[in-house]
Amino acid sequence: METSIIIETIIKAIVVLAVFSALAGFTTYIERKVLAYMQRRLGPSNVGPYGLLQLVADGIKLFTKEDFIPQNAARPVFMIAPIITAATAFIAMSAVPFFPEFELFGYVVRPIIADINVGVLFVLGVASVGLYGPLLAGMSSANKWSLLGGARTAIQLLSYEVVSGLALLAPLMLVGSLSLIDINNYQAGGFTSWLIWSQPLAFILFVIAGFAETNRTPFDLLEHEAEIVAGYATEYSGLRWGMFFIGEYANLFTVCFLVSLIFLGGFNDLWFIPGGLAIVLKVMFLIFFFLWTRASWPHIRPDQLMWLCWKILMPLAVINILITGFVMMF
């Protein structure tokens, strides 16, 4: 029995790694197409039908591009930083239930690698370790622009982790569990039981924090090319550079799944739509929303980012927790 569980877990981990690595690459194509459509451009169109083979061309370029390390860089730290970013992004996915249970060849499959009773805490905790990737990359590159990007990483991600944690505290108080499956089951009553209706402020705060933690516009200040060249990734090339952005897109999917599971009914059936398809549609819409925002909003300044976090978002999150506590008490 234990052997079968170990084999099942290994297979699930391989599938998640392969599927989301491919999705991370495909999302870059979708992003370029969406931005091009919204800005009256063509986007990838020459390499293969509709430019689909542009992904293959980019992959070949990343694998064959010269990989160099600056002369004065701290070599071990410089080499391990991209691995930290990519690894933590995929490890965080291990506690996320992607779909409802289904039967395959008479065997019941649960689409979650590790069903732990503190799933939310695990995902947030592992994702927060991911900040060490850009931070160490910036510190080890022997480049002032990289160092500035690494400093911004520490400030931005640590600050907005506070907001995301406080934003989730209120809905967790209502559910009474840190398990993502319990949170999903809490919303099994249908559209009206979604937590977004009882916790709209928490939903807004968590989505805004998600933009900052995934380094998306208008909060993409970690490698802002107009100010600090490419930030922490300035001295990286080839596959090491690609690993940073595989981790970034994997984190984007994790945030979208969390929003869907915690606030938008998860993988419960939605009217005539089965639960597995419902959560795919929710995640696809949220991905499009992130891309739409990039096409529509300008960048903000770092001081505006911190002002928004500590003077607006965090007080609102604390007030939301207090109101939720009073409502539950009385």
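# A walk around the model, starting with its rings

The structure holds 19 aromatic pairs. Keep in mind as you click around that this is a predicted model. Let's visit some of those rings, then step back for the whole view, and finish with a few stops along the loops.

**Stop 1: F191 and W271.** Select these two and show their side chains. The ring centres sit 5.3 Å apart and the planes meet at 35°, so this pair counts as tilted. Now look at where each partner comes from. F191 is in the loop between α7 and α8 (195-198), while W271 is in the loop between α11 (238-263) and α12 (275-296), so the pair ties together parts that are 80 residues apart in sequence. Switch on the surface and check the two residues again. Is W271 buried or exposed? Its relative accessibility is 65%, so W271 counts as exposed. F191, with a relative accessible area of 31%, is partly exposed.

Stay on W271 for a moment, since its backbone deserves a look too. W271 has a positive phi of about 55°, although it is not a glycine.

**Stop 2: F211 and F290.** Next, select this second pair. Why does it count as stacked? The ring centres of F211 and F290 are 4.3 Å apart and their planes are at 25°, so the pair is stacked; the cut-off for stacking is planes under 30 degrees apart. Here too, distant parts of the chain are linked: F211 belongs to helix α9 (residues 200-213) and F290 to helix α12, 79 residues apart. With the surface on, you'll find that F211 counts as buried, at 6% relative accessibility. F290 counts as buried as well, at 2%.

**Stop 3: a cluster of rings.** Select F20, F98, F253 and F257 together. These four form one aromatic cluster.

**Stop 4: the whole thing.** Zoom out and switch to a cartoon view. What does the secondary structure come to? You should be able to trace 13 helices and two strands. The radius of gyration is 20 Å, close to the 20 Å that the globule rule gives for 330 residues, so the protein is as compact as a globular protein of that length. If you turn the C-alpha trace along its principal axes, it spans about 60 × 55 × 45 Å.

Some numbers to go with this view:

- Buried residues make up 48% of the 330 residues.
- Of the contacts between residues at least 6 apart in sequence, 75% join residues at least 24 apart.
- The accessible surface comes to about 16,500 Å², and 71% of that surface belongs to carbon and sulfur atoms.
- There are 17 positive and 20 negative charges, and the mean positions of the two sets are 10 Å apart.

**Stop 5: Y50 and Q54.** Go to the loop between α1 (2-38) and α2, where you'll find Y50. This residue is not a glycine, yet Y50 has a positive phi of about 60°. Y50 counts as exposed, at 66% relative accessibility.

Now move along the chain to Q54, which lies in helix α2 (residues 54-64). Q54 counts as buried, with 17% relative accessibility; the cut-off for buried is under 20%. Which residues does Q54 touch, leaving aside its neighbours within four places in sequence? Select R32, P44 and V47 to see these contacts of Q54.

**Stop 6: L178.** Jump to the loop between α6 (144-175) and α7 (180-186), which holds L178. At 29% relative accessibility, L178 counts as partly exposed. Draw a distance from its C-alpha atom to that of G119: the two are separated by 5.9 Å, though the residues are 59 apart along the chain. Leaving aside neighbours within four places in sequence, L178 is in contact with N117, V118, G119, V120 and L172.

**Stop 7: T217 and P218.** For the last stop, show the backbone atoms here. The peptide bond from T217 to P218 is cis, with omega near 10°. P218 has its place in the loop between α9 and α10 (225-228). To round off the tour, hop back along the chain to F211 in helix α9 and its partner F290 in helix α12.

Key:
Residues numbered from 1 in each chain as written. Predicted model: local features only at pLDDT ≥ 70, side-chain atom pairs only at ≥ 80, totals over all residues. Heavy atoms only, no water. Helix = DSSP H or I, 4+ residues; strand = E, 2+ residues; numbered from the N terminus. Rg over C-alpha atoms; globule rule 2.2 N^0.38 Å. Buried < 20%, exposed > 50% of the residue type's maximum accessible area, 1.4 Å probe, protein only. Contact = heavy atoms within 4.5 Å. Areas by Shrake-Rupley, 256 points an atom, 1.4 Å probe, with all protein chains shown as cover. Lys, Arg positive; Asp, Glu negative; His and termini not counted. Charge placed at Lys NZ, Arg CZ, Asp CG, Glu CD. Phe/Tyr/Trp six-rings, centres within 6.5 Å; stacked < 30°, edge-to-face > 60°.
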